[in-house]
Amino acid sequence: MRIVGLTGGIASGKSTVSNLFKAHGVPVVDADLVARDVLKKGTGGWKKVMAAFGEDILQDNGEVDRPKLGHIVFSDPDKRQLLNRLLAPYISSGIFLEILKLWMKGYKVIVLDIPLLFEANMDKWTKPIIVVWVDPETQLQRLMARDRTSPEEAKNRIQAQMPLDLKRKKADIVIDNTGSPEELKERFQKVFVHVTKPLTWTEFALSRQGAFVAFVSVFVCVIIFRKTLSW
């Protein structure tokens, strides 16, 4: 199995690239969706976060008010780190479970869409690593337009993440998204061809098909060995 790492920064266009992979039949494990699940009312993540941040972050129905929690953690680095520490084990387990499900279905290539791929040290499990990059000014303008936020709030949210230029240096593949949507699609097509090329022997061995071949090979060897002993 080939596990492709996909990351970027807020308003960089990572979600657009993620959706393009889905549209081309490549399954995507979205860490943001996993994070939503681990924060649902009554879950272990929900209990940890409520205990740490208080009931003020809850809506009337008991669910976490995500925008309110986001405002709190993006304005305070210590609280942001605390939230990440609390949820990291639950998110990691959720991601592993989703990968296992896709492995059982026989998929050979999957994409891990993780905003904190490097920060969570999950980059070591993915190859290749794709970073969706935009220049700082474009990122700021797009974030302000998308979320209708002030320049100060937008800058705080951008600065709360690892700089895109640093992520770019750690990437195997960089998708420059400073241009138009059409240009992004053209660049994606080239990346898609590269990502979906035939698996290496190591990747094949880690796939469900590879595991089956290994099992059959061992089974046949055992039978041959037993017959040899009986002679």
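Here are some friendly notes on this predicted model, taken point by point.

1. Let's start with the pocket. The largest one has a volume of about 1700 Å³. Its lining is made up of 50 residues, and those closest to the centre are Asp32, Arg66, Phe74, Pro115 and Gln161. If you want a place to centre your view, these five residues closest to the pocket centre will serve.

2. Which helix gives the largest share of that lining? It is α5, with 10 residues. Several helices supply at least two lining residues each, namely α1 (14-23), α2 (31-38), α4 (66-74), α5 (77-104), α6 (136-147) and α7 (151-159). By residue type, the lining of the largest pocket splits into 22 nonpolar, 15 polar and 13 charged residues.

3. Helix α5 deserves a second look for its surface. Phe96, Leu97, Leu100 and Met104 make up a nonpolar surface patch, and their accessible area together is about 400 Å². Leu100, one of the four, sits in helix α5. With a relative accessibility of 37%, Leu100 counts as partly exposed, and it can join a patch because that value is over the 30% cut-off.

4. Now to the charges. Side chains of opposite charge can pair when their charged atoms come close. The model holds seven salt bridges. One of them joins Lys101 and Glu98, at 3.5 Å from N to O. These two residues are three apart in helix α5, so about one helical turn separates them. Both partners are partly exposed: Lys101 has a relative accessibility of 42%, and Glu98 has 30%.

5. Another salt bridge, between Glu119 and Lys167, has an N to O distance of 4.0 Å. Here the pair links distant parts of the chain, 48 residues apart: Glu119 is in the loop between β3 and β4, while Lys167 belongs to helix α8 (residues 164-170). Is Lys167 buried or exposed? Lys167 is buried, because its relative accessible area is 1%, under the 20% cut-off. Its partner Glu119 is partly exposed at 32%.

6. Arg157 and Asp147 also form a salt bridge, with their closest N and O atoms 3.0 Å apart. Arg157 is in helix α7 and Asp147 in helix α6, so the bridge ties together parts 10 residues apart in sequence. Arg146 joins in as well: salt bridges with shared partners connect Arg146, Asp147 and Arg157 in one network. Asp147 itself is partly exposed, at 28% relative accessibility.

7. A few backbone details are worth checking by eye. The peptide bond from Lys127 to Pro128 is cis, and its omega is near 0 degrees. Pro128 lies in the loop between β3 (109-113) and β4 (129-133). Asn121 is also placed in the loop between β3 and β4, and its phi is near 60 degrees, a positive value in a residue other than glycine. Asn121 is partly exposed, with 48% relative accessible area.

8. Where does Arg148 lie? Its place is the loop between α6 and α7. Phi of Arg148 is near 55 degrees, again a positive value in a residue other than glycine. Arg148 counts as exposed because its relative accessible area of 79% is over the 50% cut-off.

9. To finish, look at Val191 in helix α9 (residues 181-195). Val191 is buried, with 7% relative accessible area. Its C-alpha atom is 8.2 Å from that of Ile175, a residue 16 positions away along the chain.

Key
Residues are numbered from 1 along each chain as its sequence is written. This is a predicted model: local features need pLDDT of at least 70, side-chain atom pairs count only at pLDDT 80 or more; totals for chains, interfaces and linings use all residues. Side-chain values use heavy atoms; hydrogens and water are left out. On a 1 Å grid over the protein atoms alone, a cavity is a set of points where a 1.4 Å probe fits but cannot get out, and a pocket is an open set with protein on both sides within 12 Å along at least five of seven lines; lining residues have an atom within 4 Å of a point. Grid points are joined across faces, edges and corners, and a volume is the space filled by probe spheres set on the points. Helices (H or I, at least four residues) and strands (E, at least two) are DSSP runs, numbered from the N terminus. Ala, Val, Leu, Ile, Met, Phe, Trp, Tyr, Cys and Pro count as nonpolar, Asp, Glu, Lys and Arg as charged, and the others, Gly among them, as polar. Patches are made of residues with over 30% relative accessible area and no salt bridge: like charges are joined within 9 Å, nonpolar side chains (Val, Leu, Ile, Met, Phe, Trp, Tyr) within 5 Å. Accessible areas come from the Shrake-Rupley method with a 1.4 Å probe; for residues, only the protein chains shown count as cover. A salt bridge is a side-chain nitrogen of Lys or Arg within 4 Å of a carboxyl oxygen of Asp or Glu. Buried means under 20% relative accessible area, exposed over 50%, partly exposed in between (1.4 Å probe, protein chains only).
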